[in-house]
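Me: Please take a close look at the buried parts of this one, and at how they sit within the whole. I work at the bench, so plain language suits me best.

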Amino acid sequence: MTDSLISRRWLLRDSALGLGTVALAQLMTAGRVSGAPRKARMDLTPRPPALEPRAKAVIQLVQNGGPSQMDLFDPKPELNKRHGQPFHTKADLQGLGSESNLLMASPFEFRKHGRSGMDFSSVLTHTPAIADDICMIRSMVSEHNNHTEALIMLATGKIFRGRPTLGAWVTYALGSENQNLPGYVVLRDPEGYNTNATLNWDAGWLPALYAGTEFQSQGEPVLNLAPPKTVSGEVQREKLDLIARLNEAHRKQYPAESELETRIRNYELAARMQLSATGVLDISSEPETTRKLYGLDNPLTESYGRRCLMARRLVEAGVRFVQVFPPIKPSFQPWDSHGSIKQEVPRICARIEQPTAALIHDLRSRGLLDETLVVWAGEFGRQPVSQNETGRDHNKRAFSIWLSGGGVKPGYIHGATDDFGYEAVDKRMTVSDLHATILNQLGIDHRKLTYWHNGRDESLTDVALTGARVVGDILTNEVAAA
Amino acid sequence: MGLKPPQVEILRQWIDAGAPSARMYGSLSKDEQGSVTAQDREFWAFRKLQHPALRSADAFLLAKLQEKGLGFSPAAGRVTLARRAWFDVLGLPASPDQVDAFLADRSPDAFERLVDKLLESPHFGERWGRHWLDVAGYADVYGVDSNTRDIRTGEGKWRYRDYVVRALNQDKPYDRFLAEQIAGDEMVNWRDAKKLTPEMLEHLEATGFLRTAADDTNNDALNSALIRYRVLYLTVQNMTSAVLGLTVNCAQCHTHKYDPIPQRDYYSLLSLFTPSYNPQSWLQTKDRWLADVAPREKAEIDRHNLSLDEQAKPLQQRIAALRQSAEEKLRAKKAESLPAPIREDLLAAMKTPAAQQTPVEQYLVRQFGRGVTPTALEVEGQLAEAGRVTIARLESEVREIRNQRRSYGKLQALYDVGPPFPTLLHRRGNHESPGAEVEPGFLTVLSEPGARAAFDRVNGSSGRRLAFAKWLVEPGTPASALVARVMVNRIWQHLFGVGIVDPPDNFGRVGARPSHPELLDWLAGEFIRGGWRVKPLIKKLMLSDAYRQASRRDDPSAEEAADPGNRLLWRMRLRRLESEAIRDSVLAASGMLNPRVGGEPIAMDYQSDGRVLISEKNLKSPEDRWRRSLYLFTRRSYNLNMLSVFDSPLMDANCPRRTNSAVVLQSLTMLNDGFLIDQSEALAARVFKTAKPALDARIEMAFRLTIGREPTGEERRDSAEAIGRLANQYRTTGAGVPDAELKAFAAFCHSLLNTNAFLYIG
């Protein structure tokens, strides 16, 4: 009696139609306004983008803390030459410890790598191998020198809390390809959260359904995904059957209430998700070579490596948007090198660099890189002047990020900073430009992806205010949404 | 020549204010000035109340229904009605005994008396207080709350929560309730009082309403003009949303594009709050709290405590000296094993405070210090008997002195912190581009044409907020009309599921028009005529036919065709319980609910895997874990998983209407969360204890405790069969017979808690 007629019937119907065929639109009445009878999509059925997509999925590698551009990606000979001299500008600072305003050379040597001749500092030992796969942007700018605000900006396009994140907008636009998994999955350090925690994947005022779902990379992948061990599979099945029976009688009394049916289906989805999520995240089937590639054999890289590997598996399984967060140790904002660039930067590189390069190699060798856009970015950069003698303070005026796959130009360097890496001066690119460009690669026109909220059509890039534009320079494809 | 600190401070304030110069003040541009036309004043929400001819809620609803050839559904069954009433008034289910008592009362006014009884329950204030706390934007933290582990508790914030609960229980008239929350501190002379009377305390606690905006200025790095102004912006936003149902924040940057709200009006409103949230003499949150005693009394207590500390000091010094001499003797003894030259230097170094040690001394202490340092136990042993007795006597004297210390509690209030300063309009909403000076004032569109607001200092305060509170509720004005409309609409929304104006937070042009405009105005008029009392209005609505009708019909096809969304209320709406009501009714069903009202919030535990649970180790008493959800420590994000998964609000600003998602995580929570499984076991044990031992009687009791009605014949059969199979499974896995029966029944109870019938009010 473990497979009752009812549950079998339910399963069949579910797999044939999928969750989203229920008129979920009535689930919530948010955003309904007279004179603007626009009804928000309230389901996760896959929907084709309006434009021809160049990428199917995004993996966002969030580098919380502010990676130091002049010590990683953006060589500054003039800065190195003037080490110890006063900086000609009073640097715009966040905290204390830089009052002397003295320039500080990078403690690392730079060399060119790959056919493209991309510059990397000596602290990077794995990234050079993917030089010809990535597109380096040296001219990013943010709007705030504090982590909280700048990270909110990276996530939502503005420095104030409460708005939907990029991943939520993408899920709202595209739904989920895999009906047994959420469309937007978040992988963070199992030991804890980075700055802003769940706000980094919040749906803001978009329906909660579009928020990122946290998958744990160790233990149970989703909170409450499985019953406690004391509950056997048979007992669970019996409960599900009884719930289905009792709910069916109740539903018949309310034929117009589609929400009741959604809930009934959710119970079966819950059971399926337990299997799917567990399967996707079970990396025991991965060959030894892959595990080694991601550094799972090394205690330093094991945790981040596991998340990068899971990101690939999730994308393979049809998840559209995966966010990977960095380790929370030694610091929960690991790139935040206030004390010593020379010591702190290598320490975080040792944990994340190999798995990052492995992800690019792995995606490429599986033919997935072309349709997966990988985004490696922190919330801001760092100062050319020293802080506490050997560290650097935050800098919203310039930072370097890189993209790979999904139609961006490989082996290409975009934009430039001044002689000291203090300010982006050539081809400045804002966070909203980055968002517009990411959406473009997914086949979404950032100006047309809107949601009616508080009396206006809101969008991720708020183009009227930000002037956001798709940065065609970094793309191999045409800008469909110019 | 350097500047003196006061001069530096003046300069700093000037820079904080955006370094305004006379040149910048200028005059208002045409857009900033805005204009409000006679036509604007005729917009339905901005008019004075209309006085329609009809005289009951039912009459208005039926008139619209009949236009479409529709009518109300038949009355709901009494069991259904009882459950509906209990949840709507108290947010809790009725016990089977309570339902029986209601069913036994066959008098025609039985339901009326039930409603009266429910409205008198102390749990009414908890239920309706939660509704109000949503619109107020209440949380127990003060900052933006962006780090799970970094919990910034606003000490005593909860006293505002309790104030709201009390005010609702007392049925404090809404005009009074608003005035206390907006200007309580200006209504009583607390500054000069010798003692704070309960009334004064109440008035101060009430202003917690204006302390809900996220304020991160405690962090020195964020104590900037921008963040200070953001607290002000958010306060204006929350307040206008809660009280006026308007989104005025667009006018922060430019005259409102849709509503007649000039940018000038926005800054006039803002300046009502600048004397208290004063960007030029800002109080960080850590300094903004008030004692729950009068300022004079506080000063006296502080002095008293200080003098006690002074008295205790010499005694403590003597104790320390006795211990130190014993320690030094011990140290010298221990150091004997070291070579003489090192010994002397080391002992000398250890007598020198760390900051004054030379590098050589530091080295010695680092190398050998630990080896010669005695443990506390060794020191006690070294003390001579007389020394020990002396220390014990001194310590008891210190304790006696300490016991005389007096203390006071903290509360979070809003009050003027300095003389008002000229409020300048922020060009394009940017405080760094100050424009012309703006007088404090109210919304033009809700004022008589040409009227000017007047402000008189009162009780040592600018009186701006008090004048505003009076303006809001003065009878016969467009302002009080809107205030009443917004409030009756909220009450309607909580009883019927959807407001007459929906969404309830935008009564402006881009908002929705009321489905029944005349009904709304009639209700608002009745509300004001009835002395702004909430309970009689709730009662009036609950006694209507509209409220008492069934939520389902056998064949609703004609109705569905004529009015598909049931906007006209031809049946009662089926409503999902809110997050708090779900958890509270699980606890009520299991019998574990701790009904204590009020008090400090229950601390939570924030785990690295994302679980947020009640902190067992911080419980003051074990039963506290079963308090109502209202009393769990409330953050802007990161609340008890069970609550957040069922859409408890993300309190960045306020929450005029809960969302009602139906996501799979909810099913997973109800199905697999340990809390549900534990409560199901408690529920099963309760049924076994209270019901007749026959299985059918037990099934019936479990149904009544969870979904509030008796099971149908089919449900009895299905349940009994499922329980039989479950018991078999438990037996085959080795459970004894009685144990297997209880476990099977607990699994059955768990299934009941997972049904839609439990989750929805019919």
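Reply: Let's start with chain B, where 47% of the 762 residues are buried. Keep in mind throughout that this is a predicted model. Chain B is built from 34 helices and eight strands, and its C-alpha trace covers about 110 × 85 × 45 Å along the principal axes. Among the contacts in chain B with a separation of 6 or more, 72% link residues 24 or more positions apart.

The domain assignment cuts chain B into four pieces. Domain 1 takes in 44–126 + 476–562, and domain 2 takes in 173–283 + 422–467. Domain 3 runs over 295–407, and domain 4 over 672–761. Between the C-alpha centres of domain 2 of chain B and domain 3 of chain B there are 52 Å.

Now for the buried part proper. The largest nonpolar core holds 329 residues. Those touching the most other members are Ala311(A) and Val322(A) from one chain, and Leu482(B), Val483(B), Val488(B) and Phe748(B) from the other. The top contributor to this core is helix α22 of chain B (residues 478–496), which puts in 12 residues. Take Val483(B) as an example: leaving out residues up to four places away in sequence, it touches Val243(B), Leu244(B), Leu472(B) and Val473(B). There is also another core, apart from the big one, made of six residues, including Leu346(B), Ala349(B), Phe368(B) and Val372(B). As background, nonpolar side chains in soluble globular proteins tend to be buried together.

Two of those partners of Val483(B), namely Leu472(B) and Val473(B), bring us to helix α21 of chain B (residues 464–473). Nine of the 10 residues in α21(B) are buried, so the rest of the structure largely encloses this helix. The buried set is Arg464(B), Arg465(B), Leu466(B), Ala467(B), Phe468(B), Ala469(B), Trp471(B), Leu472(B) and Val473(B). Notice that two arginines are on that list. The cover over these residues includes α11 (174–187), α13 (225–244) and α22 of chain B.

A strand residue in chain B is worth a look too. Leu425(B) sits in strand β3 of chain B (residues 423–426). Leu425(B) counts as buried because it has 25 C-beta neighbours inside 10 Å, with the cut-off for buried being 20 or more. Beyond its neighbours within four places in sequence, Leu425(B) is in contact with Leu28(B), Glu32(B), Gln263(B), Arg264(B), Tyr267(B), Gly435(B), Ala436(B) and Val438(B). Pick out Gln263(B) from these: Leu425(B) and Gln263(B) are 162 residues apart in sequence, yet their C-alpha atoms are 7.9 Å apart in space.

Over in chain A, strand β5 (residues 184–187) is covered on both faces. Tyr184(A) and Val186(A) are buried on one side, and Val185(A) and Leu187(A) are buried on the other. That fits the usual picture, since side chains in a regular strand alternate between the two faces of the sheet. β5(A) runs parallel to strand β7 of chain A (residues 321–324), and four bridges join the two; in that pairing, Leu187(A) has Val324(A) as its bridge partner. β5(A) also pairs in the parallel sense with strand β6 of chain A (residues 213–215), over three bridges, and here Val186(A) is partnered with Glu214(A).

Loops in chain A can be buried as well. Pro410(A) lies in the loop between β11 (399–404) and β12 (412–414) of chain A, and it counts as buried because 20 C-beta neighbours fall inside 10 Å. Not counting residues up to four places away in sequence, Pro410(A) touches Asp132(A), Asp133(A), Ile134(A) and Cys135(A). Pro410(A) and Cys135(A) are 275 residues apart along the chain, with 5.1 Å between their C-alpha atoms.

Next, where the chains meet. On chain B, 56 residues are in contact with 60 residues of chain A. The elements of chain B giving two or more residues to that side are α29 (664–672), α30 (674–690), α32 (713–732), α33 (737–753) and α34 (756–759). α32(B) supplies the largest share, seven residues. By type, the chain B side splits into 20 nonpolar, 24 polar and 12 charged residues.

Last, a word on confidence. Chain A has a mean pLDDT of 87, with 90% of its residues at 70 or more. Residues 1–39 of chain A are below 50, though the model gives this stretch 66 contacts beyond near neighbours in sequence. Where pLDDT is low, the predicted coordinates should not be read in detail.

Notes. Residues numbered from 1 in each chain as written. Chains lettered and ligands numbered in written order. Predicted model: local features only at pLDDT ≥ 70, side-chain atom pairs only at ≥ 80, totals over all residues. Contact = placed C-beta atoms within 7 Å. Nonpolar A, V, L, I, M, F, W, Y, C, P; charged D, E, K, R; others polar. pLDDT = per-residue confidence, 0-100. Domains from an automatic or database assignment. Core = buried A, V, L, I, M, F, W, Y, C linked by C-beta atoms within 7 Å. Buried ≥ 20, exposed ≤ 12 C-beta atoms within 10 Å, placed from the backbone. Pairing = 2+ DSSP bridges.
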